Amino acid sequence: MYIVEFMGTIMHDLKFVRDHLDIVQESLKRRRSDLDLSALTQFDQDRRDALAKVEALKNIRNRVSDAVGRLKKAGLDDNNPIPEELADLVGPEVKQVGDLRQEMRRVSDDIKELDGLLLEAQEKINTLMMVIPNLPHSSVPIGAEAADNPVVRTWGEKPQMDFDPKAHWDIGEHLGILDFERAAKITGARFALYWGQGARLERALINFMLDIHTREHGYLEVLPPFMVNGVSMTGTGQLPKFAADLFKLEGTDYYLVPTAEVPVTNIHAQEILEEKDLPICYTAYTPCFRAEAGSYGKDTRGLIRQHQFNKVELVKFSRPETSYEELEKLLLNAEEILRRLNLHYQVVSLCTGDLGFSASKTYDIEVWLPGQGLYREISSCSNFEEFQARRANIRYRPTGQKKTAYVHTLNGSGLAVGRTLLAILENYQQNDGSVIIPEVLRPYMNGLEKITGVRV
RNA sequence: GGAGAGAUGACCGAGAGGCCGAAGGUGCUCGCCUGCUAAGUGAGUGAAUGGUUAACGCUGUUCCGAGGGUUCGAAUCCCUCUCUCUCCGCCA
């Protein structure tokens, strides 16, 4: 138990991975990852050998160079014999001050060569380290796939309907607020065009969510860039492994954000934060762009799986000691949106086999969709512990301690806006094809109580 | 897009081949002092990584935007790149 928790926080410390290879390898298996780490030991040995050698040479260079400076100042020219103190540092053939220069040139060349070897070993290690997923927290249920995710709690009830509930794409197209055909004409499959009250409802939801999180949950609103560079993508763990899921802008190092998690977590990349400022809580609206590679034929209808969708995100930077409390709070902050909208949902805890690459622990919130007769993910809330903080180098200074430490990063959707809209369409649909607007949204809809058609 | 200026520690800001891991200040830590607060005052205080130690610690190496080069030796000289600022052009 202890060791597992310990592991979670220290993951991707090279020293730890190197010294506990068997434990890490075992944990990978539990995650259903077949990554082979056996080469790591040799790479690290190479690295340390080169390091020891090159540092010894650099030490000699530093000391001799320093002495040369002093000798010159003292007025000794090249023909003078070298002082005793330097004799041990250089070869026996070096007798005069003038010989030192030549000897040091040779040492410098050796250093250059060893530095090259060192870099090579380091790169091999990095390449391997960057594709090792985070290790699950001890509380993560063990299982192979999504079907093994236990339900943590449910809230509300399925709405009673005395008619056959329709799927949102039928409702939306009938009302004229969702237009997939024209979106396909403009762009392609997996895009949506919203009309009139549909567009308005999407905008209302964004504002409603941001207002709750900023006014009641204590998050600071940020509006980040919707494109990020490769370094940021690596920091949060999308790269190097998941390049195929991203849209990259041709001829640049820029990517469309797949989630606000990337720009917002990277706000503090390379920074040392003050402990008194933690936890730092941000909320951000962004569109999200996903290539959805490998999902051909899945969820092809409606708003479920789009290349572009809107999301309000919650991001936290926490002290390690409190990160799991913060995760529970963040989860409740996301749930609160569904509660206010009176949408029935369940919370599941992702099992080891279903956990994402960067996460130590993840809860999914799944909303009930009567039109399809199933629960559907509408939010995913995770604690990444040190995983992203190491990659993005986000540290803080624990009070009273000399060393800096990595923060824990967390994030969760609060919520996916398109999926919230479709959940409203399906849960609030009426027999006549209209859709009642949840009360809390009416102030955001100019008082409108019911969607009856695009023009109204 | 054109022209110029710049990038130094948590932050501001000196430094212009060796005496620089880097003055001074802010912040922070530990004291002193004033009844509280503010002010004052003394000392300390960069990061990463390797070795060693039971530990306090001791010690090597690296880091002055990034990468190359010159040199026995680079924050400092040269080249390339990135970013920031100012002016001009264009533009929501």
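Rings of Phe, Tyr and Trp, the last represented by its six-membered ring, are taken to pair if their centres lie within 6.5 Å, and planes over 60 degrees apart count as edge-to-face. The structure described here is a predicted model. It holds six aromatic pairs. One of the six aromatic pairs is formed by Tyr282 and Phe317, with a distance of 6.0 Å from centre to centre and an angle of 75° between the planes. The pair is therefore edge-to-face, since its angle is over 60 degrees. Tyr282 belongs to strand 8 and Phe317 to strand 9, and the pair links distant parts of the chain, with the two positions 35 residues apart in the numbering.

Strands 8 and 9 are both members of an open sheet of eight strands, whose order is 1-10-11-12-15-9-8-4 and whose pairing is mixed. Strand 1 (151-155) and strand 4 (220-222) form the edges, and each of them pairs on one side only. From one strand to the next the twist averages 25°. As a general matter, the strands of a sheet pair through backbone hydrogen bonds, either parallel or antiparallel.

Several pairings within the eight-stranded sheet can be followed in sequence. Five bridges connect strand 10 (residues 345-349) with strand 11 (residues 361-369), and the two strands run antiparallel. Within this pairing, Val347 has Ile365 of strand 11 as its bridge partner. On to the next strand in the order, strand 11 and strand 12 are joined by nine bridges, again in the antiparallel sense. Here Val367 stands opposite Arg376 of strand 12. Strands 11 and 12 form a hairpin in which four residues lie between the two strands, and Gly373 in the turn has a positive phi of about 70°. Strand 12 is in turn joined to strand 15 by four bridges, and these strands also run antiparallel. In that pairing, Cys381 has Gly412 in strand 15 as its bridge partner.

Strand 15 also holds a feature of the backbone. The peptide bond from Gly414 to Leu415 is cis, with omega near 10°, and Leu415 is found in strand 15.

Two helices can be placed relative to the eight-stranded sheet. Helix 9 (residues 196-215) lies across strand 4, strand 8 (280-289), strand 9 (308-318) and strand 15 (408-416), and it runs at about 10° to strand 9. Helix 14 (residues 417-427) also packs on the sheet, where it touches strand 9, strand 11, strand 12 (374-385) and strand 15. The direction of helix 14 makes about 35° with that of strand 15.

A further open sheet is built from three strands in the order 7-13-14, with mixed pairing. Strand 7 (272-274) and strand 14 (405-406) stand at its edges with a single partner strand each, so one side of each is left without a neighbour in the sheet. Strand 13 and strand 14 pair in the antiparallel sense over two bridges. Arg395 stands opposite Tyr406 of strand 14.

Strand 13 also contributes to the surroundings of the RNA. In total, 25 residues surround RNA strand B, and the closest are Glu55, Asn59, Ser65, Ser108 and Thr404. By class, this surface consists of 15 charged, six polar and four nonpolar residues. Of the atoms of RNA strand B within 4 Å of the protein, 68% belong to sugar or phosphate, and the rest belong to bases.

Individual polar contacts involve both the phosphates and a base. An N or O atom in the side chain of Thr404 is 2.6 Å from a phosphate oxygen of RNA strand B. For Ser108, a polar side-chain atom lies 2.8 Å from a phosphate oxygen of RNA strand B. The side chain of Lys72 has an N or O atom 3.4 Å from a base nitrogen of RNA strand B. The elements that give two or more residues to the surface near RNA strand B are helix 4 (39-73), helix 6 (97-129) and strand 13 (395-397). Helix 4 provides the largest share, with 13 residues.

Two loops show further backbone features. Arg32 is found in the loop between helix 3 (21-30) and helix 4, and this residue has a positive phi of about 65° although it is not a glycine. Pro240 lies in the loop between helix 10 (230-236) and strand 6 (254-256). A cis peptide bond joins Leu239 to Pro240, with omega at about 5°.

Note on methods:
Residues numbered from 1 in each chain as written. Chains lettered and ligands numbered in written order. Predicted model: local features only at pLDDT ≥ 70, side-chain atom pairs only at ≥ 80, totals over all residues. Heavy atoms only, no water. Pairing = 2+ DSSP bridges. Axes fitted to C-alpha atoms, helices over the stretch in contact; angles between N-to-C directions. Contact = heavy atoms within 4.5 Å. Near = heavy atom within 4 Å. Polar contact = N/O pair within 3.5 Å; in protein donor to acceptor, adjacent residues only side chain to side chain. Nonpolar A, V, L, I, M, F, W, Y, C, P; charged D, E, K, R; others polar. Phe/Tyr/Trp six-rings, centres within 6.5 Å; stacked < 30°, edge-to-face > 60°.
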